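Hi there,

Here is the structure I promised to pass on to you. Have a look at it first, and then read on for my notes.

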Amino acid sequence: MLELRLRKRYPPRADSAAFSLEIEFRAAGGVTVLFGPSGSGKTLTLDAIAGFITPEEGRILLGDEILYDGASGVNLPPRARHCGYVFQNYALFPHMTLRENLAFAAERRPRLERHRRVNEMLERFHLAEVAGRRPHEVSGGQKQRCSIARALIGSPKLLLLDEPARGLDAPLRAELYALLGQVRAEFQVPIVLVTHDLEECFELGDDMLVLHDGRLVQSGPPRAVAERPANVEVARLLGIFNLLEAEIAELDPQRNLSRLRLGEFLLAGPYFPGRLRGDRVWLCVRPDQLGVAAREGKPGPNQMPAQLLRTVETPRAVRLEFSGGVTVELPRTEFDKHKHTKEWLVGFPPQALRLV
Amino acid sequence: MPIDWFPLWLSLKVAGIATALSLALGLWLAYVLANRRLRGRELLDAAVALPLVLPPTVLGYYLLVLFGRVSPLGRLYEWAFGAPLVFTWQAAVVAAMFHAIPLLVISARAALESVDHVYERAARNLGASEWRVFWRVSLPLARRSIAAVAVLAFARTLGDFGITIMIAGNIPGRTQTLAVAIYDAVESGNGALARVLVVVVSLVAVAVLTVANRLVARQAA
C-alpha cells in the first residue's frame, strides 16, 4: 500500500513556466495508472516516490515505512526506498552485459544467493541465451524484459514504470502488456505506471488517476472514469468524447424529460437531476453512440441536420466529422450504406446524452 | 656525436608516474567536487585551476618553500623517505603533477557530468551507494574521455620546464629532464644536441595527440 501526499513548486524559468505539483492518493495492490498529458506531473510524482526529487511538504508511506515526511524531516535516499523503477528508455547500463546488469541490482544479497537469483531471473524473463550480451546487442523486447527483471530482482515493495510502452510498435506493446500481466500475478508487487495512453489504462489499470496541471482531477477504475468523467476537463483529457456546449431549456422530473438547446436545435433527453433551467452545460457523448441518417423530408426527433466536413478512416471504423464540432464513428458496413448521402442528419439517442 | 638519452627516459618515467598519481588524485577530487556539498568548494575549485594561470616559476618557488629542507612538509618527507625531496627526480614528479592535476580534474569533471544522469539514477534506485555509483557507473561510462585526458596530461607533463628547474634543478644524469636538457644544450652552444632533442619531443607529442584523438573518436562512435 502506497500513501502519498506531496507538494512541490517549480518557479518560472527562462525555458519553462511556473509549475506546482499538489497531489494526494493511495494505491493498494494491483496496477495504479497515472494518466495525463505531458507536463501534468506524472513522472514527477514517480520521481518523488523513488526519491529522485524532494517535495517541499507532504508524506510518502510505503507499507509501514516512511519514505518521506516533510514535517519530521525524514527523507530516505533513493537507494533505501526499495522501489523498482523501470525507466522510459530502460536505462540498462550500456557497459555491462545483461547478466551484469542484473547482478548489479542484486549486490545486496549474499554471493551464492545472488548468483542463483540472477540465473533464476534470466530464465524467468527468457534472457538466458543473451545474458552475455550488452544492451546494444539485444532486441528491444529483450531490453524491456531485462529492465523489468532488473527492477524486480531486489524484491522491491513497489514497481514504478515510466511510460513503458512509449515508442514501441504494436507487437512489442502486446508483449509488454502480457509480461506485466505475468509480473502482476507472480510477483505480488503493487505497480504504479505512468502513461498518456487511454487504451493502456484499460489494458493494465485496476485504478486510474487522472492528472492535469499538477493536480489529481479524478480517480477510479478506468471504466468508471471513462463512463462518468467528473468534469469537462477530464472529458477533454480522455479525448474520446464529443463535447458540445448546450443550455438547459426545459426540465421535467415528472415525465423524466429535458430539452437541451444546442445552437438553434432542441434535443430531447432524460431528466438531469441537480441542474436548473437556463444552466450552461457541456453535453458529453461518445462518437460511437451517435447515429446518422440521410435527410429525406422532415427530420425525426433528435435528428440534427449537419454538414459533413471530413471523413477519416480508422482501422476498425470510419469517423465522420460534421459542422458544429460533432464527430460520429460508424462501423464500416454502416458507412457503406451512405455512399450516396449528400444531406446528413446526426441522431442523438436520448439515453446516451450525459452532462458534465 | 654520442647522445645521452637519459633525459628522455627520465622525462618518460616522471611523466608516467606523475600522470598515474594525478589521475588517482584528480578522480578523487572530481568525485568530491561533484558529490559533496563542501563548504569552501568554490575555493577548492579555484585552487585546482590555479596552476593553469600562475607562472611555473612562481609555482616552483612556492613548492621550494613548501618542501624545502627546513619546512615542516619537507622535514616530514625527509623523515618518511629518508632523503630530502628537493633536487631529486621525485621532485620533478611533484612538479609534473602540478600540470596534470588541473587538466585532469577539470576535464574529468566535464566527462563525468556528461554521463547521462539516468544511469546514475538507475544505479541509486537499485541500491548503490554514491561511491559505487561513481566507480561502477559514472567512471566506466566516462572512461574513454578520461583516458584521452590522461594521455594529454601525460604529454603536458613531459614538457614542464619552469617548476622542474625550480625544485628539481638541472643535475645531469640525475634530475635533468628533456625540457631542461634542451635549455642546457642551447645555453652551452650544443646546437646539434638541442635539435635532436627538439625533434624527439615533437615526435612524442604528435604520437600522444594521435592516441588521444583516437580515444575521443572511438567514444563518439
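What is the mean pLDDT of chain B, and what share of its residues reach 70 or more? The model is a predicted one, and for chain B the mean pLDDT comes to 89, with 98% of the residues at 70 or more. As for the scores of the model, ipTM is 0.83 and pTM is 0.84.

Now to the contact between the chains. Chain A brings 15 residues to it and chain B brings 14 residues. On the side of chain A that touches chain B, β7 (83-86) and α2 (98-105) of chain A each supply at least two residues. By character, the residues on that side of chain A are ten nonpolar, two polar and three charged.

I also looked at a sheet in chain A. Three strands form an open sheet there, in the order β18-β19-β20, and their pairing is antiparallel. Why do β18 (308-313) and β20 (326-331) of chain A each have one side without a neighbour in the sheet? Both stand at the edges with a single partner strand each, so one side of each strand is left free of a neighbour in the sheet. From one strand to the next, the twist averages 20°.

If you want to zoom in, try the pairing of β18(A) with β19 (residues 317-322) of chain A: these strands run antiparallel and are joined by five bridges. One pair to look for is Thr311(A) and its bridge partner in β19(A), Leu320(A). As a general reminder, strands of a sheet pair through backbone hydrogen bonds, either parallel or antiparallel.

Enjoy looking around, and best wishes!

Methods:
Residues numbered from 1 in each chain as written. Chains lettered and ligands numbered in written order. Predicted model: local features only at pLDDT ≥ 70, side-chain atom pairs only at ≥ 80, totals over all residues. pLDDT = per-residue confidence, 0-100. Contact = placed C-beta atoms within 7 Å. Helix = DSSP H or I, 4+ residues; strand = E, 2+ residues; numbered from the N terminus. Nonpolar A, V, L, I, M, F, W, Y, C, P; charged D, E, K, R; others polar. Pairing = 2+ DSSP bridges. Axes fitted to C-alpha atoms, helices over the stretch in contact; angles between N-to-C directions.
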